[in-house]
Amino acid sequence: MTTPPITQDVLTLPRKLPEGGRMNLVGLTRSQMQDALIAMGTPERQAKMRVGQIWQWIYHWGVQDFAAMTNLAKGYRLELAQHFEIARPEIVSRQLSEDGTRKYLLRIAGGHEVEAVYIPEESRGTLCISSQVGCTLTCSFCHTGTQKLVRNLTAAEIVGQVLVARDDLGEWPERGAPKNETRLVSNVVLMGMGEPLYNFDNVRDAMKVVMDGEGLSLSRRRITLSTSGVVPEIARTATEIGCLLAVSFHATTDEVRDKLVPINKRWNIKTLLDALREYPRLSNSERITFEYVMLKGVNDSDDDARRLVKLIAGIPAKINLIPFNEWPGAPYQRSDWARIEAFADIVHKAGYASPIRTPRGEDIMAACGQLKSATERGRRSRAEIAAEVAPAQA
Ligand code: SAH
Ligand code: SF4
């Protein structure tokens, strides 16, 4: 049988091959993994079954070593180990907050660093992951926005954040033990560093891996992608990922939103709302989360609250009010608690859930918008970082 050509997908996987040129299997879609196995010499008729077996070892059992894959022949395991690796980002540091929040600083290829944050709650545990190193957008209240984009994360690096958290929490099932239904990482939010919809393909592929029922098996309703409003990618998010959507809304007039979320100059409030109106139908999901950061004297008046409910009329929505998390040199202050409650009350009376997000992990700078790798900041000048900005950004 002739070996088919390696597909374009496999050839173009953005990766730096480590010493010995082994390809990382983490983050590959099933079909990419199948192509890679065939390219190694696995007979085509066996390849699908091998993917199924390897997939379970990597994503159900958390195995990192081919030698542990005991349902594969010894020779085949050795061959796999020669060609492939099962690699995760390296943990540079792990900080534990008083409230149980864990912040991981992770090193990825090229010496870059990203952060992921695990937030335990009574009935669930949420892992907040990054999609880019830094961010090309420059929302004026966001710490990450002051760090220029260095590069997009690969699918492997996005999935890798979930694997690292499960390793650290000791969440992989024990072989032979009864199935444990309580999950530590029960939810994933793409709310860390970066704009996920500017790294669409890698984010989509990574979420497909995370949602796969034979592995990590998180349902699409336990994944929330947060976007600042990259309108052209919103319909694709619904149809190609199907996860829940959160949108960084933050203002009720274009004038203010232009300043807070500058992508608004490109896709304004009306254009954004039109795209959002279609989302629940396209993704068959219930409601959209509107994130609204409470900035003292900027966007927190009663009029803002009334305008907000008028704007989103007809969209099934929840409004998540986020008390501004301060960072050194930030040009804003957090709204007073009474103001936040008054705002929440107006939204609530209009019929929308309006939870106020309790800041978590503040003592370790792990809260929303505080993520920014200090080492990255110290080591690299803005010019150096800017020089590496991926050209594909809009
Ligand atoms: N880039 C995406 C996802 C990452 S930001 C986006 O903008 O949606 C995740 C959330 O944190 C967004 O709603 C963002 O607006 C919010 N955020 C950013 N900086 C913040 C800060 N300093 N205080 C509170 N929320 C912040
Ligand atoms: Fe980027 Fe989101 Fe921060 Fe805006 S809020 S700068 S889009 S990470």
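Visitor: Which residue in strand 4 does Gln95 stand opposite?
Guide: A bit of groundwork: this is a predicted model, where local features need pLDDT of at least 70, side-chain atom pairs count only at pLDDT 80 or more, and totals for chains, interfaces and linings use all residues. Residues are numbered from 1 along each chain as its sequence is written, chains are lettered from A and ligands numbered from 1 in the order in which they are written, and side-chain values use heavy atoms, with hydrogens and water left out. Strands (E, at least two residues) and helices (H or I, at least four) are DSSP runs, numbered from the N terminus. Opposite Gln95, in strand 4, stands Lys103.

Visitor: And what is the bridge partner of Leu96 in strand 4?
Guide: Strand 3 covers residues 90-96 and strand 4 covers residues 102-108. For Leu96, the bridge partner in strand 4 is Arg102.

Visitor: Over how many bridges do strand 3 and strand 4 pair?
Guide: Strands count as paired if DSSP finds at least two bridges between them. These two run in the antiparallel sense, and the number of bridges is six.

Visitor: Which residue in the turn of that hairpin has a positive phi?
Guide: Strand 3 and strand 4 form the hairpin, with five residues between them. The phi in question is about 95°, and the residue is Gly100.

Visitor: Which strands stand at the edges of the sheet?
Guide: Nine strands make an open sheet with mixed pairing, in the order 3-4-5-6-9-10-11-12-13. An edge strand has a single partner strand, so one side of it is left without a neighbour in the sheet. That describes strand 3 and strand 13 (317-323).

Visitor: Are helix 2 and helix 3 parallel or oblique to each other?
Guide: Axes are lines fitted to C-alpha atoms, for helices over the stretch in contact, with angles from 0 to 180 degrees between N-to-C directions. Those of helix 2 (residues 30-40) and helix 3 (residues 44-60) come within 9 Å and cross at roughly 120°. Angles under 35 degrees count as roughly parallel, over 145 as roughly antiparallel, 65 to 115 as roughly perpendicular and the rest as oblique. The two helices are therefore oblique.

Visitor: How many charged residues are in the contact of helix 2 with helix 3?
Guide: Contact means heavy atoms within 4.5 Å, and on the helix 2 side the residues are Arg30, Met33, Gln34, Leu37 and Ile38. Helix 3 brings several more, including Glu44, Lys48 and Trp55. Nonpolar covers Ala, Val, Leu, Ile, Met, Phe, Trp, Tyr, Cys and Pro, charged covers Asp, Glu, Lys and Arg, and the others, Gly among them, are polar. By class there are eight nonpolar and two polar residues, and the number of charged ones is four.

Visitor: At roughly what angle do the axes of helix 7 and helix 9 cross?
Guide: Helix 7 spans residues 234-241 and helix 9 spans residues 269-283. Their axes come within 8 Å, and the crossing angle is roughly 10°.

Visitor: How far are the C-alpha atoms of Ile346 and Asp303 separated?
Guide: Ile346 belongs to helix 11 (residues 337-349). Leaving aside its neighbours within four places in sequence, Ile346 is in contact with Asp302, Ala305 and Arg306. Asp303 is 43 residues from Ile346 along the chain, yet the C-alpha separation is 9.6 Å.

Visitor: How are helix 10 and helix 11 placed, roughly parallel or oblique?
Guide: Helix 10 (residues 302-311) packs on helix 11 at about 30°, with the axes 9 Å apart. That makes the two helices roughly parallel.

Visitor: How many nonpolar residues does the shell around ligand 2 have?
Guide: A residue is near a molecule if one of its heavy atoms lies within 4 Å of it. Around ligand 2 we find Cys135, Leu137, Cys139, Cys142, Gly145, Gly194 and Ser228. Three residues of this shell are polar and none is charged, and the nonpolar ones number four.
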